[in-house]
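Colleague: Could you walk me through this model? I would like to hear the reasoning behind the labels as we go.

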Amino acid sequence: MDQIPHLRPGETYATVYAPLEKTPFDPDIVIIVTTPRNMLKLAQAILFRLGGRITASMAGIQSVCSDATAQPYLSGKANFSLGCDGSRKFSGVMDDEMVMGFPVEMLAEIGDAIPIVTTAPGSK
């Protein structure tokens, strides 16, 4: 349990989820739930802008709470997760979907890079 990314007690008052286009607050983390193919394109978009490599940290439990929210919040980097039983049962994550989270500061760069990577020669 100690290895599951989490915020220290008392550091955060609340965690609130809302659809990005309807959020009444400035979010810290953006969470995306989509197919593995779309995750591939998101990973390529991140690397197109930032370079390097993506290292996912996950445990198959607490995918939205920890893997896609706490980990990106603490690290400042995107993180991918296969999902977990709880996110699939209570959050509607489907069997053919994955979860990722990234700091909101990356949103514009990722959004700008998606059309580039999806239309690149050889892109499927």
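Modeller: Happy to, and please keep in mind that this is a predicted model. Let's begin with Thr69: leaving aside its neighbours within four places in sequence, Thr69 is in contact with Tyr17, Ile29, Ile31 and Val64. Thr69 lies in helix H2, residues 63-75.

Colleague: Why does Thr69 count as buried?

Modeller: Buried means under 20% relative accessible area. Thr69 has 14% relative accessibility, so Thr69 counts as buried.

Colleague: What makes the link between the side chain of Thr69 and the backbone oxygen of Val64 a polar contact?

Modeller: The cut-off for such a pair of N or O atoms is 3.5 Å. The side chain of Thr69 reaches the backbone oxygen of Val64 at 2.6 Å, which is within that 3.5 Å limit.

Colleague: How do you know whether H2 reaches the span of a straight helix?

Modeller: We set the end-to-end distance against 1.5 Å a residue. H2 has 13 residues, and a straight helix would reach 18 Å, but the end C-alpha atoms of H2 are only 16 Å apart. H2 therefore falls short of the expected span. Just beyond the helix comes Gly76, with a positive phi near 75°.

Colleague: Which residues of H2 are buried, and what covers them?

Modeller: The buried residues in H2 are Ser63, Val64, Ser66, Asp67, Ala68, Thr69, Ala70 and Pro72. Their cover includes strands S1 and S2, helix H3 (85-90) and strand S3.

Colleague: How does H1 do when its span is set against the expected one?

Modeller: H1 has 15 residues and reaches 21 Å from its first C-alpha to its last, close to the 21 Å expected at 1.5 Å a residue. Its buried residues are Met39, Lys41, Leu42, Ala43, Ala45 and Ile46. What covers them includes S1 (29-34), S2 (79-81), S3 and H4. Just after H1, Gly51 takes a positive phi of about 70°.

Colleague: Why is Gln62 called partly exposed?

Modeller: Partly exposed is what lies between the buried limit of 20% and the exposed limit of 50%. Gln62 has 33% relative accessibility, so the label partly exposed applies. Gln62 sits in the loop between H1 and H2. Its phi is positive, near 55°, although Gln62 is a residue other than glycine. The C-alpha atoms of Gln62 and Gly83 are separated by 7.8 Å, and these two residues are 21 places apart along the chain.

Colleague: What makes S1 and S2 edge strands?

Modeller: The sheet is open, with 3 strands in the order S1-S3-S2 and antiparallel pairing. S1 and S2 each pair on one side only, and they are the edge strands. From one strand to the next, the twist averages 20°.

Colleague: How do you know that S3 pairs with S1 and with S2?

Modeller: Pairing calls for at least two bridges between the strands. S1 and S3 are joined by 6 bridges, and S2 and S3 by 3, so both pairs meet the requirement of at least two. As examples, Val30 stands opposite Phe102 in S3, and the bridge partner of Asn79 in S3 is Gly101.

Colleague: What makes you say that both faces of S3 are covered?

Modeller: Buried residues lie on each side: Met98, Met100 and Phe102 on one, and Val99, Gly101 and Pro103 on the other. In fact, 6 of the 6 residues of S3 are buried.

Colleague: Which residues of the largest nonpolar core touch the most other members?

Modeller: Those are Ile46, Met100, Phe102 and Ile110, in a core of 15 residues. Helix H1 (36-50), strand S3 (98-103) and helix H4 (107-118) each supply at least two residues of this core. H1 gives the largest share, with 5 residues.

Colleague: And what does Ile110 touch?

Modeller: Not counting residues up to four places away in sequence, Ile110 touches Leu42, Ala45, Ile46 and Phe102.

How values were computed
Residues numbered from 1 in each chain as written. Predicted model: local features only at pLDDT ≥ 70, side-chain atom pairs only at ≥ 80, totals over all residues. Heavy atoms only, no water. Core = buried A, V, L, I, M, F, W, Y, C linked by side-chain atoms within 4.5 Å. Buried < 20%, exposed > 50% of the residue type's maximum accessible area, 1.4 Å probe, protein only. Helix = DSSP H or I, 4+ residues; strand = E, 2+ residues; numbered from the N terminus. Contact = heavy atoms within 4.5 Å. Polar contact = N/O pair within 3.5 Å; in protein donor to acceptor, adjacent residues only side chain to side chain. Axes fitted to C-alpha atoms, helices over the stretch in contact; angles between N-to-C directions.
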